[in-house]
Amino acid sequence: MKKFNIRKVLDGLKEVSSSSSSSSPSVQVGPQENNLIQETLQSEHFQLCKTVRHGFPYQPSSMAFDPVQKILAIGTQSGALRLFGRPGVECYCQHESGAAVIQLQFLINEGALVSALADDTVHLWNLRQKRPAVLHSLKFNKERITFCHLPFQSKWLYIGTERGNIHIVNVESFMLSGYVIMWNKAIEL
């Protein structure tokens, strides 16, 4: 496979366009004006951008599956979220913070997804619209999130922390309940 440098290609285009514009006859713009229109390609006229995403996401860090709606969600180290449905159905979303996705949990057959990030935030995504969007977010300040669990058809999300405590979040309002299972109290029982 032949390798090439994109800068050399663009410089080659620039040279070709400048030589062709100098050899071309002048174009008359108006009856009074005899102006030469010069067209030269410059580097600021070009922009490299990604046009297609395909295949398995780069640096996957978490995965979840909704068995009823048959949707697969994959989170990445860069905060990206890829949703796969039927063949040919795919959606790409990005968390604003760009933090790594540590865990994903579907609200089974509800059209919603919970994502926990490495920056200790938890987001509730609405998947019922054409472009998925974040409905609610929670930020943990004093403890680091390590695990999330959502029992089937439950309205309570259990969030485990690095200290061993379990915080409980109401999924409908996405608010922390006042009830916390402390690790030292659970051991005493």
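Two strands pair if DSSP finds at least two bridges between them. The exercises below apply this to a predicted model.

**Exercise 1.** Determine how β1 and β2 pair, and which residue of β2 stands opposite P60.

*Solution.* Step 1: locate the partners. Strand β1 covers residues 60–66, and strand β2 covers residues 71–76. Step 2: apply the criterion. At least two bridges are required, and β1 and β2 are joined over six bridges, in the antiparallel sense. Step 3: find the partner of P60. The residue opposite P60 is T76, in β2.

**Exercise 2.** Place β1 and β2 in their sheet and identify the edge strands.

*Solution.* Step 1: read the order. The open sheet consists of four strands arranged as β1-β2-β3-β4, with antiparallel pairing. Step 2: find the edges. Strands β1 and β4 each pair on one side only, and these are the edge strands; β4 spans residues 90–94. Step 3: describe the twist. From one strand to the next, the twist averages 15 degrees.

**Exercise 3.** For K70 and D120, state the loop in which each residue lies, and decide whether each is buried or exposed.

*Solution.* Step 1: locate the residues. K70 belongs to the loop between β1 and β2, whereas D120 belongs to the loop between β6 and β7. Step 2: examine the backbone. K70 is not a glycine, yet has a positive phi of about 55 degrees. D120, likewise a residue other than glycine, has a positive phi near 65 degrees. Step 3: apply the cut-offs. Buried means under 20% relative accessible area, and exposed means over 50%. K70 has a relative accessible area of 54% and is therefore exposed. D120 has a relative accessible area of 7% and is therefore buried.

**Exercise 4.** Describe the largest nonpolar core and the contacts of I145.

*Solution.* Step 1: name the central members. The largest nonpolar core has 16 residues, of which L107, V122, I145, L157 and I159 touch the most other members. Step 2: assign the core to elements. Two or more residues come from each of β6 (112–117), β7 (121–126), β9 (145–149) and β10 (156–161). The largest share, three residues, is that of β6. Step 3: separate the other core. A second core, of 15 residues, includes C93, A99, L113 and W125. Step 4: list the contacts of I145. Leaving aside residues up to four places away in sequence, I145 touches I102, A116, D120, T121, V122, F140, I159, G160 and T161. One of these contacts is D120, the buried loop residue of Exercise 3.

Key
Residues numbered from 1 in each chain as written. Predicted model: local features only at pLDDT ≥ 70, side-chain atom pairs only at ≥ 80, totals over all residues. Heavy atoms only, no water. Core = buried A, V, L, I, M, F, W, Y, C linked by side-chain atoms within 4.5 Å. Buried < 20%, exposed > 50% of the residue type's maximum accessible area, 1.4 Å probe, protein only. Contact = heavy atoms within 4.5 Å. Axes fitted to C-alpha atoms, helices over the stretch in contact; angles between N-to-C directions.
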